[in-house]
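User: I'm new to reading protein models, and I'd love some help with this one. Could we look at it together, one question at a time?

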Amino acid sequence: MQTTDIREARFYVVDERNPGMKVEPLGFDEAFRKANDLSDRGGSVHVMYTDEASQMQLTRFAEAGIRAGLVPQG
């Protein structure tokens, strides 16, 4: 049985008002801060995450009103 390590989770913060913005892989804390900052400034934010993300991390985004979705595979 293989277990996942949430420390390996990567998050990509996308500002939908600025589609040309460079999107880099971030750890949870940095992604959460960045997404909140963009949202607080009126941005339309979407966070993409990798399989390693925990339910607790995803819940934190949801509680902050930030949409999140799994990074497309392929």
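**Strands and rings**

User: Which residue in β2 stands opposite aspartate 15?

Analyst: Strands here are DSSP runs (E, at least two residues) and helices are DSSP runs too (H or I, at least four), numbered from the N terminus. Opposite aspartate 15, in β2, stands valine 45.

User: What kind of model is this?

Analyst: Residues are numbered from 1 along each chain as its sequence is written, and side-chain values use heavy atoms, without hydrogens or water. Local features need pLDDT of at least 70, side-chain atom pairs count only at pLDDT 80 or more, and totals for chains, interfaces and linings use all residues, because the model is predicted.

User: In which sense do β1 and β2 pair, and over how many bridges?

Analyst: Two strands pair if DSSP finds at least two bridges between them. β1 and β2, which covers residues 45-49, are antiparallel, and their bridges number five.

User: Which are the edge strands?

Analyst: The sheet is open and has three strands in the order β1-β2-β3, with mixed pairing. A strand at the edge pairs on one side only, and that describes β1 (11-15) and β3 (67-70).

User: Along β1, which side chains point to one face and are buried?

Analyst: "Buried" means under 20% relative accessible area, exposed is over 50% and partly exposed is in between (1.4 Å probe, protein chains only). The side chains alternate: Tyr12 and Val14 point to the other face and are not buried. The buried set is Phe11, Val13 and Asp15.

User: Why is the pair of phenylalanine 28 and phenylalanine 32 stacked?

Analyst: The structure holds five aromatic pairs; rings of Phe, Tyr and Trp (its six-membered ring) pair with centres within 6.5 Å, and planes under 30 degrees apart count as stacked, over 60 as edge-to-face, the rest as tilted. These two residues both lie in helix α1, four residues apart, about one turn, and both are buried. Their ring centres are 5.5 Å apart, and the pair is stacked because the planes meet at 25°.

User: How many residues apart in sequence are the parts that phenylalanine 32 and phenylalanine 61 tie together?

Analyst: Their ring centres lie 5.5 Å apart with planes at 55°, so this pair is tilted. Both residues are buried. Phenylalanine 32 is in helix α1 and phenylalanine 61 in helix α2 (residues 55-63), so the parts tied together are apart in sequence by 29 residues.

User: Which residues form one aromatic cluster?

Analyst: We have already met phenylalanine 28 and phenylalanine 32 as a stacked pair. Both belong to one aromatic cluster, whose members are Phe11, Phe28, Phe32 and Phe61.
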